[in-house]
Amino acid sequence: MTALEPLPHGVAEPAGVSRAAWARALAAAALGPLFAGYTAAATVVAVIVSTAPGADASSGAVLRGAGPIWLAAHQIPLLVRGAPLGVLPLLPTVLVLFLVMRAAMVATDRVRPHTWEQAALVVGTIGGAHAVFGAVLAGISTEPVTAEAPEAFFGCGLLATVAAAIGLSRRAGLLKILAERLDSTVLRGLRAGALGLAALLTVSTAAVAVGLLFSFGTARTIFAEMAPDAGSAFGLWMLSMSYLPNGIVAALAFLVGPGFGIGKVTISPLATLPGPVPAVPLLAALPTQESARWWLLILMLPLAVGAFLGWAYRQCDEDPMIRVQVVAIGAGVVAASCFLLAMLTGGRLGSGQFDPVGLRSGLVAVAAFVWVSVPAISIAWFFGPRPSRADKPPDGEAAEGDETGEAGDAADAETAAGEATGEGDTEKADGDAGAEAEAVAAEEEASLEEVDADDAEMAGLLDELEDAEEAVSTLDAADRSSASPRDEVSDVADQDEPAVAGDTDRGESMVTEESGRDEPTAVEVAGTDPGQPGAGDQPPSESAGEGTDQHRER
């Protein structure tokens with residue numbers, strides 16, 4: 001989907017989506033969560049009244065009883081026989097948010113809104129339908145459970161609008177675009193806050209589980225007294241499960257220090273004032289005695305959460321200040337979330353001794369911020385990486401100048417300090433020039449090494465080429481040696497003919513040279529022994545013939 005853009009002339013239909021398709025998609029998105037939520041509430045009422053002895057199980061009674069449950073799931077305060085009920089369960093509210101978000105995401109997939117006006121149309125339709133339906137239910141509600149129509153209109157509409165906006169933003173990619181535009185430090189801080197809140201809620205859930213485990217007998221006794229039949233037991237079990245997130249938030253307030261109160265009963269690790277509480281199995285986990293000194297160790301749990309957060313983000317950046325900012329933003333997100341959860345958890349509970357149920361949301365937020373931020377910042381600062389420190393310029397001369405200035409008057413001190421500063425700047429400049437020269441020399445040396453590497457590679461290629469030529473010569477010699485004897489004889493004959501011709505020509509040339517010599521003188525003839533022929537008296541033909549015969553014999 002493309003990014004949403006403003007449209008000056010109202011809502012326009014994207015290509016391929018007709019008005020009828022828009023109408024069907026918006027109707028499904030608006031009515032789907034309403035039908036699913038009201039059906040679920042009616043089912044719970046039907047199961048309870050059908051199994052409780054003497055209860056009215058008619059369809060009208062079931063539908064009338066489903067209305068207040070649906071309003072309570074949207075955090076709309078109720079009046080039970082005139083007594084206010086403002087402590088409403090959080091688990092049904094989470095389910096309502098999920099249904100509305102899912103409906104908005106499906107509608108976004110169907111119509112593919114491309115403008116802000118189209119997106120506002122989807123969100124506004126879902127929020128408006130819930131507002132109108134809530135006002136209608138509050139208007140037709142009768143005793144013993146009633147609600148105010150204006151509160152139902154604005155409360156249901158606001159909750160559905162927020163959930164629909166979140167669902168559409170996720171499907172349309174707006175959250176991704178927002179994450180890309182945010183500063184990286186802020187984005188990491190938001191993620192750190194989500195991690196810290198999840199860790200704190202996990203610890204709170206574990207505390208509730210441990211408390212219920214140690215008070216299992218008390219919870220079983222409450223079940224037996226308050227729910228003697230199956231219908232009542234189912235209703236009491238559903239009530240306890242619906243208020244389980246409220247108990248987790250109350251445990252969170254207890255762990256960070258301020259605690260919570262139910263009427264005159266105060267529960268805190270610093271000071272506990274026990275007393276009577278409503279007969280609900282979930283409240284069996286509350287302490288029944290005053291606080292002891294070892295309860296202060298409970299405050300180590302939020303400190304451990306802060307240490308975990310700091311350890312998780314100790315390497316998010318090399319700059320210690322950036323790491324501190326990230327974990328500080330995360331601690332702020334945790335504090336803001338605790339404030340909102342505490343506001344939703346507390347409220348009016350009748351007009352008797354259990355009224356009100358109070359979680360001091362401001363103190364809870366401040367305590368959560370302190371317990372999480374202090375260890376997180378400390379660990380992120382001291383246990384993370386640090387940037388390398390630049391070499392400081394020599395300050396010996398500056399120190400000497402300072403000492404001279406202290407010994408002399410003010411003018412001499414200023415002059416000495418100026419000279420020391422100038423010399424320090426000169427040395428720093430010389431150091432920079434030397435560093436640049438070393439960098440240039442290093443680059444030239446690297447270039448020479450590259451040239452030497454190229455020469456070595458070329459020599460290797462030449463050696464490989466010579467080896468290949470020797471291999472080819474070896475193969476040719478092997479081919480010639482494998483030829484037939486007849487071919488060798490013919491080759492020898494062919495080679496002998498030119499050799500004989502060459503010997504004959506050489507003999508003729510020798511005869512010609514002998515004949516061309518001058519006639520010997522009388523002295524030479526007289527000095528020659530007639531009985532022994534001279535070396536030159538041998539006929540050339542005989543020497544040539546002997547050469548030919550020797551060649552043939554060979």
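What share of the 554 residues in the chain is buried? In this predicted model, buried residues make up 32% of the chain. The chain holds 18 helices and 6 strands. Contacts with a separation of 6 or more were also examined. Residues 24 or more positions apart account for 75% of these contacts.

Helix H2 spans residues 59–73. It has 15 residues. Its first and last C-alpha atoms lie 21 Å apart, close to the 21 Å expected at 1.5 Å a residue. The buried residues of H2 include four alanines, Ala61, Ala66, Ala72 and Ala73. Val62, Gly67, Pro68, Trp70 and Leu71 are also buried in H2. These buried residues pack against helix H1 (19–51), E1, H3, H4, E3 and H5. Gln75 follows just after H2. This residue lies in the loop between H2 and strand E1 (78–80). Its phi is near 60 degrees, a positive value in a residue other than glycine.

Helix H3 covers residues 91–111. The 21 residues of H3 should span 30 Å at 1.5 Å a residue, and the end C-alpha atoms are 31 Å apart, which agrees. Buried positions in H3 include Thr93, Val96, Val100, Met101 and Ala103. Ala104, Met105, Ala107, Thr108 and Val111 are buried in H3 as well. The buried residues of H3 pack against H1, H2, H4 and H5. The pairing of H2 and H3 thus appears from either side: H3 is among the elements packed by buried residues of H2, and H2 is among those packed by buried residues of H3. Just after H3, Arg112 takes a positive phi of about 50 degrees.

Other backbone features lie in loops. Most residues other than glycine have a negative phi, and most peptide bonds are trans. Arg81 has a positive phi of about 55 degrees, although it is not a glycine. Arg81 is placed in the loop between E1 and strand E2 (83–85). Is Arg81 buried or exposed? Its relative accessibility is 68%, so Arg81 counts as exposed. Two cis peptide bonds are described next. A cis peptide bond joins Glu143 and Pro144, with omega of about 15 degrees. Pro144 lies in the loop between helix H4 (116–140) and strand E3 (145–146). A cis peptide bond also joins Asp355 and Pro356, where omega is about -5 degrees. Pro356 lies in the loop between H12 and strand E6 (357–358).

Strand E6 also belongs to a sheet. Strands of a sheet pair through backbone hydrogen bonds, either parallel or antiparallel. Here an open sheet of 3 strands has the order E5-E4-E6, with antiparallel pairing. Strand E5 (265–267) and E6 stand at the edges, each with a single partner strand, so one side of each has no neighbour in the sheet. Strand E4 (residues 260–262) is joined to E5 by 3 bridges, and the two run antiparallel. Ile262 stands opposite Val265 in E5.

Beyond E5, Ile298 sits in the loop that leads to helix H11 (300–312). Its relative accessibility is 17%, so Ile298 counts as buried. Ile298 touches Phe254 and Leu255, not counting residues up to four places away in sequence. Ile298 and Leu270 are 28 residues apart along the chain, and their C-alpha atoms are separated by 9.9 Å.

Pockets were examined last. Rolling a probe the size of a water molecule over the atoms shows where empty space is left. The second largest pocket has a volume of about 1000 Å³. Of the 27 residues that line this pocket, the closest to its centre are Thr93, Leu97, Leu159, Leu340 and Leu344. Thr93 is also one of the buried residues of H3. Which helix gives the most to the lining of the second largest pocket? H5 does, with 8 residues. At least two lining residues each come from H3, helix H5 (149–172), helix H7 (184–214), helix H10 (244–256) and helix H12 (320–345). The lining divides into 20 nonpolar, 5 polar and 2 charged residues.

Technical notes. Residues are numbered from 1 along each chain as its sequence is written. This is a predicted model: local features need pLDDT of at least 70, side-chain atom pairs count only at pLDDT 80 or more; totals for chains, interfaces and linings use all residues. Side-chain values use heavy atoms; hydrogens and water are left out. On a 1 Å grid over the protein atoms alone, a cavity is a set of points where a 1.4 Å probe fits but cannot get out, and a pocket is an open set with protein on both sides within 12 Å along at least five of seven lines; lining residues have an atom within 4 Å of a point. Grid points are joined across faces, edges and corners, and a volume is the space filled by probe spheres set on the points. Ala, Val, Leu, Ile, Met, Phe, Trp, Tyr, Cys and Pro count as nonpolar, Asp, Glu, Lys and Arg as charged, and the others, Gly among them, as polar. Buried means under 20% relative accessible area, exposed over 50%, partly exposed in between (1.4 Å probe, protein chains only). Two strands pair if DSSP finds at least two bridges between them. Contact means heavy atoms within 4.5 Å. The expected span of a helix is 1.5 Å times one less than its number of residues.
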